[in-house]
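Colleague: Got a minute to walk me through this one? I'd like to go over the fold before I use it.

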Amino acid sequence: MAAVLACVAPGAALAQSVPTAGQAAPKPDLRSQLVEHEGTGNATRDFVYRWPAAVSAIPALAAQLAAERERLLAEQKSEWQTSLKEFAGEDCGGCTIRDFQKTWKVVTNLPRFLSLSVEVYEYTGGAHGNYYTDALLWDRQAMAAIMPEDLFRSPAALQDALGAEWCKGLKAERIKRMGAETSQVIEDDGIFPCPPIADLAVLLGSSNRRRFNRIGLIAAPYVAGSYAEGQYEVTLPVTAKVLAAVKPEYAAAFARAK
């Protein structure tokens, strides 16, 4: 999955406008929830952005999310205003309806890492909105936001460690959701073959809040199945093969599942 937040180099400060002499630097709005609604009828704009208390406890991370939130809000407002002008006076159903929701949640909170998932929903017109799940880690040691995949040696190493078990788990989930009689159809499905790990959200979890010992893999709609099937999620244990794929500098953050 694409990065959900522009990550910064270790120790890098959040970019802000430089104040003039005698002025204090502007402080970002660090509210953990922002909800906006405007418009009437078939011309409405809704925007929701939330993060948990664990994020607020890390001011540098909260500031980064706040900066992303303000950028996304400004983009949505601008695009909505453009649609109002473009479709003024037309009966176009959802052409002037915009809805964006982004909610961060804690997967696990370890001594070094805060592991987060994020659920995103967006409607910009058409038959339905789109949604997906992604992930992010805050590294307290480096004071930086990074992607979970960054803890592994390479995409190929992660694929080798998880790919076979992911495909096995996905097949079981699709059969469970669609019925056992579809087993052969799923096996021969050329439309939605088992996607690589690189196309999934990778969530690092823990059963003991000391080390990562399980990994959640989530496929958004259209990645592993039709929109009607929804997201697919498979949780796998950390095994010796997974540990071998971890970069040496992060090895202490992982442990085999018991």
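Modeller: We can take the sheet, then a helix, then the disulfides; bear in mind that this is a predicted model.

Colleague: Fine. What's the strand order in the sheet?

Modeller: The order is β1-β2-β3-β4-β5-β6, in an open sheet of six strands with mixed pairing.

Colleague: Which strands stand at the edges?

Modeller: β1 (33-40) and β6 (144-146). Each has a single partner strand, so one side of each has no neighbour in the sheet. From one strand to the next, the twist averages 20°.

Colleague: And how many bridges join β1 to β2?

Modeller: Eight, and the two strands run antiparallel, with β2 covering residues 43-50. To give one bridge pair, G39 is partnered by T44 in β2.

Colleague: Which helix packs on the sheet?

Modeller: Helix α2, residues 59-86. It touches β1, β2, β3 (96-109), β4 (113-123), β5 (130-139) and β6. The direction of α2 makes about 175° with that of β2.

Colleague: Switching to α3. How far apart are its end C-alpha atoms?

Modeller: Only 30 Å, for a helix of 24 residues (155-178). A straight helix at 1.5 Å a residue would reach 34 Å.

Colleague: Where does α3 bend?

Modeller: At L162, by about 50°. L162 is also one of the buried residues of α3.

Colleague: Which others are buried there?

Modeller: A157, L158, A161, G163, W166, G169, L170, R174 and I175. As background on spacing, residues three or four places apart in an α-helix point the same way, because there are 3.6 residues a turn. Just after α3, G179 takes a positive phi of about 105°.

Colleague: OK, cysteines. How many disulfides does the structure hold?

Modeller: Two. In sequence order of the bonded cysteines, the pairing is 1-2, 3-4.

Colleague: Start with C92. What does it bond to?

Modeller: C95, with the sulfur atoms 1.7 Å apart. C92 counts as partly exposed because its relative accessibility is 28%, while C95, at 17%, counts as buried.

Colleague: And what does C167 pair with?

Modeller: C194, at an S to S distance of 2.1 Å. C167 lies in helix α3 and C194 in the loop between α4 (183-187) and β7 (201-205), so the disulfide ties together parts 27 residues apart in sequence.

Colleague: Is that one left-handed or right-handed, and why?

Modeller: Left-handed, because the torsion about the S-S bond is about -95°.

Colleague: Are C167 and C194 buried or exposed?

Modeller: Neither; C167 is partly exposed at 30% relative accessibility, and C194 is partly exposed at 31%.

Definitions and conventions
Residues numbered from 1 in each chain as written. Predicted model: local features only at pLDDT ≥ 70, side-chain atom pairs only at ≥ 80, totals over all residues. Heavy atoms only, no water. Pairing = 2+ DSSP bridges. Helix = DSSP H or I, 4+ residues; strand = E, 2+ residues; numbered from the N terminus. Axes fitted to C-alpha atoms, helices over the stretch in contact; angles between N-to-C directions. Contact = heavy atoms within 4.5 Å. Expected span 1.5 Å × (residues − 1). Bend = angle between axes of the 7 residues up to and from the residue. Buried < 20%, exposed > 50% of the residue type's maximum accessible area, 1.4 Å probe, protein only. Disulfide = S-S within 2.5 Å.
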